[in-house]
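Work through these exercises with the sequence and the model side by side. Try each task before reading its solution.

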Amino acid sequence: MDSQLGGVPDHSWLGSPIDARPLFAPEHTALMDTLRGLSPAEWGAEAVPGWTVRDVVAHLLGDFYGRLGRDRDGHRDGPAFAPGETLEAFIHRINQEWVDALSRVSPAALTDTLDLIGRQVARFFEATDPDSASLGVSWAGVDPAPMWLDSARDFTEFWTHRQQIRHAVGRQTDPDPRPLAVVLDTFMRALPHTLRDVAAPVGTQIRVQIDGPAGGTWSATATEGHWSLAAPETTPPTPTAPAALLRLDPETAWQLCTRRIDPDAALARAHISGDRELAAAACRIVSIIY
């Protein structure tokens, strides 16, 4: 699934590449606008279970430093896996260690530092080669991943954390459809990996449709040995009805992919046509390290 003749990685099964590079700078501006408008009490509001708004901001700063140190500067020092530690346990541990270490830093100092480092991160991503090999994306089942997917993954994380902060202080999800469209498109790249244990005849198709201006349609097709988001190779193209259609609204979709809601809650809000078991399998999608 990951290689072809000559050893060149084949990522066609992930679907068409996504270019999130132009969105990092405006996303950073939106984040800073949000943070500079918070009251002292709002910094202490719970944004995710166990973490306040201040903790999420500290975590973001850690992510920013990690990306620059590792990929821009070639810095390889840092925490290592403990014996027998899973990727998920490792990520959660080092994230908490960073948040704990920054507990003495004030919200104002965090904001100023995040502004400085975040602008550098935006410039880093703007200059990347989208086809180069980069960090693996575990929830998409690809390692190494192409930079276009790795950078889009980071963009979804930054956007998601900003929404968590907004929700914590009583605001709704940012309605701007442009970044949300990229977030949803990136999240859907988890579909082939989500369906990896679902046995189906070759050619079976599961379609996910997300409504609204930020939405779209993604079709996962069963091929020999795996599922693929690549367009079926038919000449001429012949549209066929999918075995299952899962239709979601954008708010349900992004919250499902980040596990702010669980699959059962998403299924209760969804419109399903065709094979309900296949649709339920697609609804197990997770687009974060969970």
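A residue is buried under 20% relative accessible area, exposed over 50%, and partly exposed in between. The model used here is predicted.

**Exercise 1. Place V105 in the fold and classify its exposure.**

Solution.
- Start with location. V105 sits in the loop between helix 3 (87-101) and helix 4.
- Next, accessibility. The relative accessible area of V105 is 24%, so V105 is partly exposed.
- Then list its contacts. Leaving aside neighbours within four places in sequence, V105 is in contact with R54 and L110.
- Finally, take a distance. V105 and A58 are 47 residues apart in sequence, yet their C-alpha atoms are 8.8 Å apart.

**Exercise 2. Check the length of helix 4 against its residue count.**

Solution.
- Helix 4 covers residues 107-126, which is 20 residues.
- The expected span is 1.5 Å times one less than the number of residues.
- That gives 28 Å for helix 4.
- The C-alpha atoms at its ends are 28 Å apart, so expectation and model agree.

**Exercise 3. Find the buried residues of helix 4 and the elements they pack against.**

Solution.
- The buried residues are L110, T111, L114, D115, I117, G118, Q120, V121, A122, F124 and F125.
- Read that list with the helical repeat in mind. An α-helix has 3.6 residues a turn, so residues three or four places apart point the same way.
- Now look for partners. The buried residues of helix 4 pack against helix 1 (24-36), helix 2 (53-72) and helix 5 (147-168).
- Take T111 as one example from helix 4. Its relative accessible area is 4%, so T111 is buried.
- Not counting residues up to four places away in sequence, T111 touches M32, L35, R36 and W43.

**Exercise 4. Describe the packing of helix 2 on helix 4.**

Solution.
- Choose the descriptors. Two packed helices are described by the angle between their axes and the distance between the axes.
- For helix 2 and helix 4 the angle is about 35°, and the axes are 9 Å apart.
- The crossing of these two helices is left-handed.
- Helix 2 contributes R54, V57, A58, L60, L61, F64, Y65, R67, L68, D71 and R72 to the contact. Helix 4 contributes P107, L110, T113, L114, I117, G118, Q120, V121, F124 and F125.
- Sort the contact of helix 2 with helix 4 by class: 14 residues are nonpolar, three polar and four charged.

**Exercise 5. Locate T156, classify it and list its contacts.**

Solution.
- T156 belongs to helix 5.
- Its relative accessibility is 3%, so T156 counts as buried.
- Beyond residues up to four places away in sequence, T156 touches V183, T186 and F187.
- For a distance, pair T156 with H167. They are 11 residues apart in sequence and 16 Å apart in space, C-alpha to C-alpha.

**Exercise 6. How many residues of helix 8 are buried, and what do they pack against?**

Solution.
- Seven of the eight residues of helix 8 are buried, so this helix is mostly covered.
- They are P250, T252, A253, W254, Q255, L256 and C257.
- These residues pack against helix 5, helix 6 (177-187), strand 5 (205-210), strand 8 (244-248) and helix 9.
- Use Q255 for a distance. The C-alpha atoms of Q255 and S12 are separated by 27 Å, with their positions 243 residues apart along the chain.
- S12 lies in the segment before helix 1. At a relative accessible area of 39%, S12 is partly exposed.

**Exercise 7. Inspect the backbone at P144 and at R259.**

Solution.
- P144 is in the loop between strand 3 (133-134) and strand 4 (145-146).
- The peptide bond joining D143 and P144 is cis, with omega about 0°.
- R259 is in the loop between helix 8 (250-257) and helix 9 (263-269).
- Phi of R259 is near 60°, a positive value in a residue other than glycine.
- R259 has 17% relative accessibility, so R259 counts as buried.

**Exercise 8. Test the whole chain against the compact-globule rule.**

Solution.
- With 290 residues, a compact globule would have a radius of gyration near 19 Å. The chain has 20 Å, which agrees.
- Its C-alpha atoms fill a box of roughly 60 × 45 × 40 Å along the principal axes.
- Buried residues make up 46% of the chain.
- Among contacts between residues at least 6 apart in sequence, 69% join residues at least 24 apart.
- The secondary structure comes to 10 helices and nine strands.

Definitions and conventions:
Residues are numbered from 1 along each chain as its sequence is written. This is a predicted model: local features need pLDDT of at least 70, side-chain atom pairs count only at pLDDT 80 or more; totals for chains, interfaces and linings use all residues. Side-chain values use heavy atoms; hydrogens and water are left out. Helices (H or I, at least four residues) and strands (E, at least two) are DSSP runs, numbered from the N terminus. Buried means under 20% relative accessible area, exposed over 50%, partly exposed in between (1.4 Å probe, protein chains only). Contact means heavy atoms within 4.5 Å. Axes are lines fitted to C-alpha atoms, for helices over the stretch in contact, and angles run from 0 to 180 degrees between N-to-C directions. A crossing is left-handed if the near helix is turned anticlockwise from the far one by less than a right angle, and right-handed if clockwise. Ala, Val, Leu, Ile, Met, Phe, Trp, Tyr, Cys and Pro count as nonpolar, Asp, Glu, Lys and Arg as charged, and the others, Gly among them, as polar. The radius of gyration is taken over C-alpha atoms; the globule rule is 2.2 Å times the number of residues to the power 0.38.
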